[in-house]
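Biologist: Before we discuss individual assignments, please show me the model and then justify the terms you apply to it.

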Amino acid sequence: MNSKMEDRTCKTCRHNDDLLCDKKGIWIRDDHSCNKWEAQPWKQWEKSIMSKFLKRGEKMTRAETTKFLGQLLVSTRIGGAGSHWASEVSIDPWTSKAKRVDYMEFCPANQYSVSGIEKGIFTCYEIKSCKEDVYSGNGLNFFGEKNYIVTTMECYKEIQPDFRSGKFANYMREKHPDSSIYYGVMVPIPFWGEAAEEFKDPTPLSEDRNWKLEIVLPCRQGIRIKSMTELLFCMLRSGH
């Protein structure tokens, strides 16, 4: 099995998305393999994907924004030491209540004891490129102790009044009754920027900047209705 893995190249890998590796978040070539990129820093991905948009001189499309937010989440927020994650995690598949979570993360208290693992918490992340995406009726599936909408600052500014008025909470109860009521919001801002300043005058995502994800609406830790065993199995089944 090990020799087969060593012989694999990016050309036949399922993570190869038009020469962008969805697993590592970097640009690749067909004759490359995972071994070549084990030490590749995440900043290389950020520079290369931004250069793609900047060459065109255009505003990002919804699909590009979604991809950018997802890769920024993986590169800067999840997947570090002590974190285990999966994308496109199916919950209750082949049933009338089938759901899919964009990204799910599990963080145990430690990596070496039963009690530490059992004290771990799950965090769900749903990627939303705009207000229309938020209210599309799809993909606000929150099954973790913590849950976040990952969106743009422009979108957050548009939906913030709905959080304050209770409109968003009513929408969640109507359209996503199985989702947790504990959720927050993350948005990308320039690495040295401040959320308050960005809220006043958001920087376009197409600008050549180093970006980070900032929590602008914190999420309190809530209860979880799914068992740890079930959610870990769902993450394992997702395959990535």
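**Helix α6 and the salt bridges**

Modeller: In α6, Met153, Cys155, Tyr156, Ile159, Gln160, Asp162 and Phe163 are buried, where buried means under 20% relative accessible area, exposed over 50% and partly exposed in between, with a 1.4 Å probe and protein chains only. This is a predicted model in which local features need pLDDT of at least 70 and side-chain atom pairs count only at pLDDT 80 or more, while totals for chains, interfaces and linings use all residues. Residues are numbered from 1 along each chain as its sequence is written, and side-chain values use heavy atoms, leaving out hydrogens and water.

Biologist: What covers the buried residues of α6?

Modeller: The cover includes α5 (131–134), β7 (146–150), α7 (167–175), β8 (184–190), α8 (195–200) and β9 (211–217). Helices (H or I, at least four residues) and strands (E, at least two) are DSSP runs, numbered from the N terminus.

Biologist: How do you know that the span of α6 agrees with its 13 residues?

Modeller: The expected span is 1.5 Å times one less than the number of residues. For the 13 residues of α6 that gives 18 Å, and the end C-alpha atoms are 19 Å apart, so the two agree. A kink of about 35° nevertheless lies at Ile159, shortly before Pro161; the bend is the angle between axes fitted to the seven residues ending there and the seven starting there.

Biologist: Why is Asp162 said to have no salt bridge?

Modeller: A salt bridge requires a side-chain nitrogen of Lys or Arg within 4 Å of a carboxyl oxygen of Asp or Glu. The nearest side chain of opposite charge to Asp162, Lys131, is 4.2 Å away, so the criterion is not met. Lys131 is still among the residues that Asp162 touches, contact being heavy atoms within 4.5 Å.

Biologist: What makes Asp133 and Lys128 a salt bridge?

Modeller: Their closest N and O atoms are 3.8 Å apart, and the pair therefore qualifies. Asp133, at 15% relative accessible area, is buried, and Lys128, at 4%, also counts as buried.

Biologist: How are Asp92 and Lys226 classified by accessibility, and what distance joins their side chains?

Modeller: The N to O distance in their salt bridge is 2.9 Å. The pair links distant parts of the chain, 134 residues apart. Asp92, at 23%, counts as partly exposed, whereas Lys226, at 14%, counts as buried. Asp92, Lys226 and Glu230 are linked in a network of salt bridges.

Note on methods: Lys, Arg positive; Asp, Glu negative; His and termini not counted. Lists of a residue's contacts leave out its neighbours within four places in sequence.
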